[in-house]
Amino acid sequence: MATPKQLQPWAYQPQERAAALEAGLTQYFTGRPCKYGHVAMRSSSSGTCIECAKKHQKQNLEKRLEKNFVFAAYRDWETDRKSVV
Ligand SMILES: [Zn+2]
């Protein structure tokens, strides 16, 4: 019977991640799907699936734009500024 600690994602790939860290790589690949089914590169620093990280980043950005109108206005201004140059 698996304990909760053994079910942590890094428990399944200690060698790959350790090897990636040793080689100084920022990402590594296991070929196994993450808990949301992505077969993608993983971050060496956290072991997080890159696709999941992108998804979280997008969700956080949307939440931030929704709740913080100053940030939303700054982002619009920044986009306009970049399109001019
Ligand atoms: Zn994932």
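This passage walks through a predicted model of a single chain, from its overall make-up to its helices and one loop glycine.

To start with the overall picture, the chain contains 3 helices and 2 strands. Going along the sequence, these elements come in the order α-β-β-α-α. Not much of the chain is tucked away: of its 85 residues, 7% are buried. As for contacts between residues at least 6 apart in sequence, 12% link residues that are at least 24 apart.

How sure is the predictor, and where? The mean pLDDT of the chain is 82, and 81% of the residues reach at least 70. Confidence bottoms out in helix α1, residues 14-22, with a mean of 78. Helix α2 sits at the other end of the scale, with the highest value in the chain, 92.

Helix α2 covers residues 50-67, which makes 18 residues. At 1.5 Å a residue, a helix of this length should span 26 Å, and the C-alpha atoms at its ends are indeed 26 Å apart, so the two figures agree. None of the 18 residues of α2 is buried; the count is 0, so this helix lies largely in the open.

Helix α3 tells a similar story. With 16 residues, 69-84, α3 should span 22 Å at 1.5 Å a residue, and its end C-alpha atoms are 23 Å apart, which agrees. Burial in α3 also comes out at 0 of its 16 residues, so α3 lies largely in the open.

That leaves the stretch around the strands. Strand β1 takes up residues 27-28 and strand β2 residues 42-43, and glycine 37 is found in the loop between them. Is glycine 37 buried or exposed? Exposed, because glycine 37 has 9 C-beta neighbours inside 10 Å, and a residue counts as exposed with 12 or fewer. Glycine 37 can also be placed relative to glutamate 51: the two are 14 residues apart along the chain, and their C-alpha atoms are 9.8 Å apart. Glutamate 51 falls within the residue range of α2, 50-67, so this distance relates the loop between β1 and β2 to that helix.

Conventions. Residues are numbered from 1 along each chain as its sequence is written. This is a predicted model: local features need pLDDT of at least 70, side-chain atom pairs count only at pLDDT 80 or more; totals for chains, interfaces and linings use all residues. Helices (H or I, at least four residues) and strands (E, at least two) are DSSP runs, numbered from the N terminus. The expected span of a helix is 1.5 Å times one less than its number of residues. A residue is buried if 20 or more other C-beta atoms lie within 10 Å of its own, exposed if 12 or fewer, and partly exposed in between; C-beta atoms are placed from the backbone. pLDDT is the predictor's confidence in each residue, from 0 to 100. Two residues are in contact if their C-beta atoms, placed from the backbone, lie within 7 Å.
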